[in-house]
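Here are my notes on the model you asked me to look at. I've kept them as numbered points so you can reply to each in turn.

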Amino acid sequence: MPDIEGLIGGSIAASMGIGLVITCVTLLFTGAIIFFVYRTVFGKINQSNKLLATGVPAQARVLQLADTGVRLNDNPQVKLVLEVQPLGQPAYQVEIASFVSMIKLAQIQPGQTVNVRYDPADPSKVALALM
């Protein structure tokens, strides 16, 4: 006759093993998503900081402003279409996403001119240089 306690104990152990595997997979998946988001957001912030330190200064006119729905420390990330006007070169349009302090949002309304810095090797890389 089969041992009932052994069968029940075995199925409980199997259920616990499956639960442990599901938990581990879920944690790994969640960790991967957090890492990807962290790297994406802070990678762009690092690129912007590098441009602010080493980029060529220029003026840009704000053509469009849109909220992306992303926040960092309650500051919105906005999508901007800018007409960059490098000194002695033709103006060009670029679309960027940037985190902007709530206090400085009034400085980047459509039609206004803002200070930017751009990478002369890749003019599509532009960072806002708000005061």
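1. A salt bridge here is a side-chain nitrogen of Lys or Arg within 4 Å of a carboxyl oxygen of Asp or Glu. By that rule the count comes to two. Bear in mind as you read on that this is a predicted model.

2. Start with the pair that spans two strands. Arg61 and Glu83 meet through their side chains in a salt bridge, at 3.2 Å from N to O. Arg61 belongs to strand E1 and Glu83 to strand E2, so this salt bridge ties together parts that are 22 residues apart in sequence. Arg61 has a relative accessible area of 33%, which makes it partly exposed. Glu83 also has a role in the strand pairing: it stands opposite Gln93 in E3.

3. The other salt bridge joins the side chains of Arg71 and Asp67, with an N to O distance of 2.9 Å. How exposed are its two ends? Arg71 is partly exposed, at a relative accessible area of 45%, and Asp67 is partly exposed too, at 47%.

4. Now the overall layout. The protein chain has one helix and five strands, and from the N terminus on the elements run α-β-β-β-β-β. Helix H1 takes in residues 4-54. The strands make an open sheet in the order E3-E2-E1-E4-E5, with antiparallel pairing. E3 and E5 (122-128) stand at the edges with a single partner strand each, so one side of each is left without a neighbour in the sheet. On average, neighbouring strands of this sheet are turned by 45° against each other, direction ignored.

5. A reminder on what holds such an arrangement together: strands of a sheet pair through backbone hydrogen bonds, in either the parallel or the antiparallel sense.

6. Strand E1 (residues 56-72) is worth following along both of its pairings. With E2 it runs antiparallel, and 10 bridges join the two strands. Two places to check on screen: Val62 has Leu82 of E2 as its bridge partner, and Gln59 stands opposite Gln85 in E2. With E4 (residues 113-119), E1 is also antiparallel, joined by six bridges. There, the bridge partner of Ala60 is Val114.

7. Which strand is largely enclosed by the rest of the structure? That would be E2 (residues 75-85): eight of its 11 residues are buried, so the description fits. Besides its pairing with E1, E2 pairs with E3 (residues 92-99) in the antiparallel sense, over eight bridges.

8. If you like looking at backbone torsions, try the two hairpins that involve E2. Between E1 and E2 there are two residues, and Asn73 in this hairpin takes a positive phi near 55°. The hairpin of E2 and E3 has six residues between the strands, and Gly88 in the turn has a positive phi of about 75°.

9. Ser98 is a good residue to click on in strand E3. Is it buried or exposed? Its relative accessibility is 14%, so Ser98 counts as buried, the cut-off being under 20%. Apart from neighbours within four places in sequence, Ser98 is in contact with Pro76, Gln77, Val78 and Leu128.

10. Ala53 gives you the opposite case. It sits in helix H1 and counts as exposed, because its relative accessibility of 62% is over the 50% cut-off. Have a look at Arg117 as well: Ala53 and Arg117 are 64 residues apart in sequence, yet 8.6 Å apart in space, C-alpha to C-alpha.

11. Finally, some totals for the chain. Of its 131 residues, 21% count as buried. Take the contacts between residues at least 6 apart in sequence, and 54% of them join residues at least 24 apart. The accessible surface comes to about 9000 Å², and carbon and sulfur atoms account for 64% of it.

Notes. Residues are numbered from 1 along each chain as its sequence is written. This is a predicted model: local features need pLDDT of at least 70, side-chain atom pairs count only at pLDDT 80 or more; totals for chains, interfaces and linings use all residues. Side-chain values use heavy atoms; hydrogens and water are left out. Buried means under 20% relative accessible area, exposed over 50%, partly exposed in between (1.4 Å probe, protein chains only). Helices (H or I, at least four residues) and strands (E, at least two) are DSSP runs, numbered from the N terminus. Two strands pair if DSSP finds at least two bridges between them. Contact means heavy atoms within 4.5 Å. Axes are lines fitted to C-alpha atoms, for helices over the stretch in contact, and angles run from 0 to 180 degrees between N-to-C directions. Accessible areas come from the Shrake-Rupley method with a 1.4 Å probe; for residues, only the protein chains shown count as cover.
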